[in-house]
Amino acid sequence: MKNEIVRCECVDMAIDGTGIAKSGDLVVFVKEMIKGEIADVKITKEKKSYSYGIIDRLIKQSPERMVSDCPIAYKCGGCDFRHISYDHQLELKKEILANILKPFTVLDIIPDENHYYYRNKVQIPYRDGKMGFYRKYSNDIVEFADCLIESETANHIIEELKDLLKDHPQAAMIRHILIKQNHDHSELMLGFIVWKKIDLSDIIAVLVDKYPSIRSIILNINEKESNVILGEEEILLYGEPFIIDEFHGIRVKISLKSFYQVNYRQMLKLYELIRQLSDCDINSRVLDLYCGIGTISLYLTKTAKQVTGVEIVKEAVNNAVENARMNGIDNIDFILADASKGMDRYLKEKDIVIVDPPRKGLSKELIDSLIGHDIPRIIYVSCNPQTLARDLKLLENAYQIDEIHPVDMFPYTIHTECVVRLSKRIEAKKENI
Ligand SMILES: C[S@@+](CC[C@H](N)C(=O)[O-])C[C@H]1O[C@@H](n2cnc3c(N)ncnc32)[C@H](O)[C@@H]1O
């Protein structure tokens, strides 16, 4: 019953990071409870076959429990595991992945040794004079002074903006602030996502003077009532419409609308892992689906014969083409297309296919195309283990699932990136002949 106190033992972790606790036959999802802990739990909500609860009193505490070092932990929707030691987070994340990806074997997670201030992109909603993160499962804005996973410069700029926008006549037109930085923080892009065109010249003058790393300020106009953050129209307010970063000796331009991995240190490991698992050599013809600004494609050109990247966002493809030119790489081409359909013609005579889709995973059409071609090696990079599990089950008749390597791109959150190596089954090859 609601408000009842029940003594429970946490027996597992749910995929959103809450503890799954049991008291006899009663199953309770308990916020911030860690596997192995025993607690008196207050029931907050009852469903037919399970309940939700919060810890009223901890009876047996996990040795891996820590006091959170973030003043807004669990108020904002950012981190899920601020109360758990980093090493134990990795163990729990691996168990959660293994449960979702059963029967496939999941290897140990590649850790981020320095797991603070790791994000190079911050996206902050602004409403009614408040700037912060959304509370979990809500549209309430939780303000913060120092987010421990965003970059420190971004934290300072957000604090500065809170002041500058107070009483500013145009402030009500702002919907989101977006900040992107390169890895050594020498270049910063600031995006104002607004309902309609506004004049921010006074604010820009102050920011540019105070933060010399600002290379780009863009006004992005989004008049639509939806949860898609960026609109179509962009106006360059200062500098250039991109920032430049460098990874593994390759320089890349990143624009406001283009995807770029948020954790640079782990991105280096992720790309090297992809290269190694792909067995890419001088004879390899590679197709990189969902290629963004072409980072994986560009990295693989160092060993491959030829690489083709496919991406749906026009600005990202423009960046990718320019990135190849800027680095003097010519065994590469990029195609602006929807990778979920019509890929048969690009799959012909490919030795390696990389797929790195958004959270919804691969389309049935693309999976059928992959099954229909004799691709010796597929590398599936996924940020959503649930759609990955679904897709691997569809692919496994034709492709053997060799290895699943998780990479901790998002410390303190429940999220993990997985890199999976698949090899065409010999029997499946014969059937296709
Ligand atoms: C997870 S990101 C990966 C990008 C890139 N591989 C990287 O490491 O930076 C997914 C990319 O897929 C693109 N995308 C989303 N839907 C797509 C589609 N239907 N066809 C092609 N690209 C798509 C997104 O714009 C984004 O750049």
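This is a guided tour of one protein model, stop by stop, with a residue range to select at each stop. The model is predicted rather than determined by experiment, so treat the tour as a walk through a prediction.

**Stop 1: three domains**

Begin by colouring residues 5-63, 121-247 and 263-432 separately. According to the domain assignment, these are domain 1, domain 2 and domain 3. Domain 1 and domain 2 have C-alpha centres 39 Å apart.

**Stop 2: the start of the chain**

Zoom in on N3, in the segment before β1 (5-13). Its phi is near 75°, a positive value in a residue that is not glycine.

**Stop 3: the barrel**

Now show strands β1 to β5. In what order do the five strands close into a barrel? Going round, you meet β1-β2-β3-β5-β4, and the pairing is mixed. On average, neighbouring strands here are turned by 50° against each other, with direction ignored.

Let us walk along some of its pairs:

- Select 19-23 and 26-30. These are β2 and β3, paired in the antiparallel sense over five bridges. K22 stands opposite V27 in β3. The two strands form a hairpin with two residues between them, and in the turn G24 has a positive phi of about 60°.
- Add 51-60, which is β5. It runs parallel to β3, and three bridges join the two. Look for F29, whose bridge partner in β5 is Y52.
- Add 38-46, which is β4. Eight bridges join β4 to β5, and this pair runs antiparallel. Here E46 has S51 in β5 as its bridge partner.

**Stop 4: a cis peptide bond**

Move along the chain to K102 and P103. The peptide bond joining them is cis, with omega about 5°. You will find P103 in the loop between α1 and β6 (121-127).

**Stop 5: the open sheet**

Next, show strands β15 to β21. Seven strands form an open sheet here, in the order β17-β16-β15-β18-β19-β21-β20, with mixed pairing. Why do β17 and β20 each have one side without a neighbour in the sheet? Select 332-336 for β17 and 399-407 for β20: both stand at the edges and each has a single partner strand, so one side of each is left free of a neighbour in the sheet. From one strand to the next, the twist averages 15°.

Keep β20 on screen and add 417-424, which is β21. These two strands run antiparallel and are joined by eight bridges. Within this pair, I401 stands opposite L422 in β21.

Then add residues 385-395. This is helix α9, which packs on the sheet and touches β19 (377-382), β20 and β21. The direction of α9 makes about 5° with that of β21.

**Stop 6: the helix partners of α9**

Two packed helices are described by the angle between their axes and the distance between the axes. Keep both in mind as you look at two partners of α9.

Start by selecting 364-372, helix α8. The axes of α8 and α9 come within 10 Å and cross at roughly 35°, and the crossing is right-handed. To see the contact, show I367, L370 and I371 of α8 together with D391, L394 and L395 of α9. Sorted by class, this contact has five nonpolar residues, no polar ones and one charged residue.

Now select 86-101, helix α1. It packs against α9 at an angle of about 35°, with the axes 9 Å apart. This crossing of α1 and α9 is also right-handed. Here L97, I100 and L101 in α1 meet P385, Q386, L388 and A389 in α9. By class, the contact of α1 with α9 has six nonpolar residues, one polar residue and no charged ones.

**Stop 7: around the ligand**

Finish at the ligand. Which of the 18 residues around it come nearest? They are F259, Y290, G292, I312 and A339. The elements giving two or more residues to this shell are α5 (295-300) and β16 (306-311). You have already met β16 as one of the strands of the open sheet. By class, the shell has eleven nonpolar, four polar and three charged residues.

Notes:
Residues are numbered from 1 along each chain as its sequence is written. This is a predicted model: local features need pLDDT of at least 70, side-chain atom pairs count only at pLDDT 80 or more; totals for chains, interfaces and linings use all residues. Two strands pair if DSSP finds at least two bridges between them. Helices (H or I, at least four residues) and strands (E, at least two) are DSSP runs, numbered from the N terminus. Axes are lines fitted to C-alpha atoms, for helices over the stretch in contact, and angles run from 0 to 180 degrees between N-to-C directions. Two residues are in contact if their C-beta atoms, placed from the backbone, lie within 7 Å. A crossing is left-handed if the near helix is turned anticlockwise from the far one by less than a right angle, and right-handed if clockwise. Ala, Val, Leu, Ile, Met, Phe, Trp, Tyr, Cys and Pro count as nonpolar, Asp, Glu, Lys and Arg as charged, and the others, Gly among them, as polar. A residue is near a molecule or strand if its C-beta atom, placed from the backbone, lies within 6 Å of it. Domain bounds come from an automatic or database domain assignment.
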